[in-house]
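Here are some exercises to work through with the model open in your viewer. Try each task before reading its solution.

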Amino acid sequence: MNIELYPYTVNKRFALTISRGTSSQNQNLAVGITADNITGWGEAVPFTIGSQVQSCELITTALNQIIPHLAAYHPLQRQAIESLMNACQLPSSARAAIDLALYDWLGKSVGLPLWKLWGLEREKIVPISVTVGINPPDGARARIRGWLEVFEARFLKIKLGNPLGIGADREMMLAIKDEMPTAKLTVDANGGWSLADAIYMSQWLADLGVEYLEQPLSRGNEGQLVELKQASPLPIFADESCFTSRDIPGLVDKVDGINIKLMKSGGLTEAMRMIHTARAHDLQVMFGCYSDTVLANTAAAQLSPLADYLDLDSHLNLLDDPFTGAKLIDGRLIPGDLPGLGIDRISQF
């Protein structure tokens, strides 16, 4: 098979601020895998969590090193390809790009979208949430109005963990509640709180009607989640603390659910393993994203009938997405009938 890399920059309509910083654009990487006159597309999206830094440069270098070894394989040799990626210790975002491209190729080769190949039901797909980053109260109100210009958002994920402290977090939440009193609300602190602040905020947010709390403590402080879970009236989801299925057993007594991101997991193959592992431990499942284009979010949407919550909104905030894919229908991100991942490339990189 022939493998090509295509770096490209995507710009955000609204900059996103979380507890770790602010971003207004992202350099992603597309991977095209061609065999038997069929091309499958994948995407690698850089991200940083603590010491885990997967930059575009790192991902590109890793892919360029493995491509000569991959060329001898056919896209159907999935087990052998996975063994090779394991041996090369490929970064998870680079693995995801290859994994998605191979699935896109597979679906195109048989003329079916992945949700049909897996026997899933699109009717089970729940509405997506849309993200409101850390802002002063007036900025949060403006961001909500901006989302409402894109579509009728009814489910908001609020980023907290403001460096100014939980007082600023509370002010922002009250402004959002006033701006959209009927919206469903969830909170993601991206590890920005101490244990004491997390316990207090979990109780305060529950009184405000928030549905769940995501990653309240930073990665590395998982031991404190036991105490938080005992004190919190809200379900707790792990994001930065959970990369792959190997992380799940150690979180069973600490959280109520996990956030699966294709760039953390290394693609759909591991995402499926994570779903089954989580369900075996009675944990809920959420899908999330970084600065993913519609390519990666449509790939996740193919699996989304198996998820309880969906946070697949990043592409809706992009001004120059080079792909088209899943469509918003009544607040739900629905994959279509195109084969494979169900995406089309609409511009040059």
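Three exercises with solutions follow.

This is a predicted model, where local features need pLDDT of at least 70, side-chain atom pairs count only at pLDDT 80 or more, and totals for chains, interfaces and linings use all residues. Residues are numbered from 1 along each chain as its sequence is written, and side-chain values use heavy atoms, leaving out hydrogens and water.

**Exercise 1.** Find the order and the edge strands of the sheet that has β1, β2 and β3.

Step 1: Strands (DSSP runs of E, at least two residues; helices are H or I, at least four) are numbered from the N terminus. Pairing requires at least two DSSP bridges between two strands.
Step 2: The open sheet reads β1-β2-β3, with antiparallel pairing.
Step 3: β1 (2-18) and β3 (38-44) are the edges, each pairing on one side only.
Step 4: Seven bridges link β2 (residues 21-35) with β3; Thr34 has Thr39 in β3 as its bridge partner.

**Exercise 2.** Trace the sheet of eight strands.

Step 1: The order is β6-β7-β8-β9-β10-β11-β12-β13, an open sheet with parallel pairing.
Step 2: Its edge strands are β6 and β13 (309-310).
Step 3: β6 and β7 are joined by three bridges, and Thr131 is partnered with Lys157 in β7.

**Exercise 3.** Which residues of α6 are buried (under 20% relative accessible area, 1.4 Å probe, protein chains only)?

Step 1: Locate α6 at residues 166-179, a helix of 14 residues.
Step 2: Its buried residues are Ile166, Ala168, Asp169, Met172, Met173, Ala175 and Ile176.
Step 3: Look at what covers them: the elements include β6 (130-132), α5 (137-150), β7 (155-159), β8 (184-188) and α7 (195-208).

How values were computed. Expected span 1.5 Å × (residues − 1). Buried < 20%, exposed > 50% of the residue type's maximum accessible area, 1.4 Å probe, protein only. Contact = heavy atoms within 4.5 Å.
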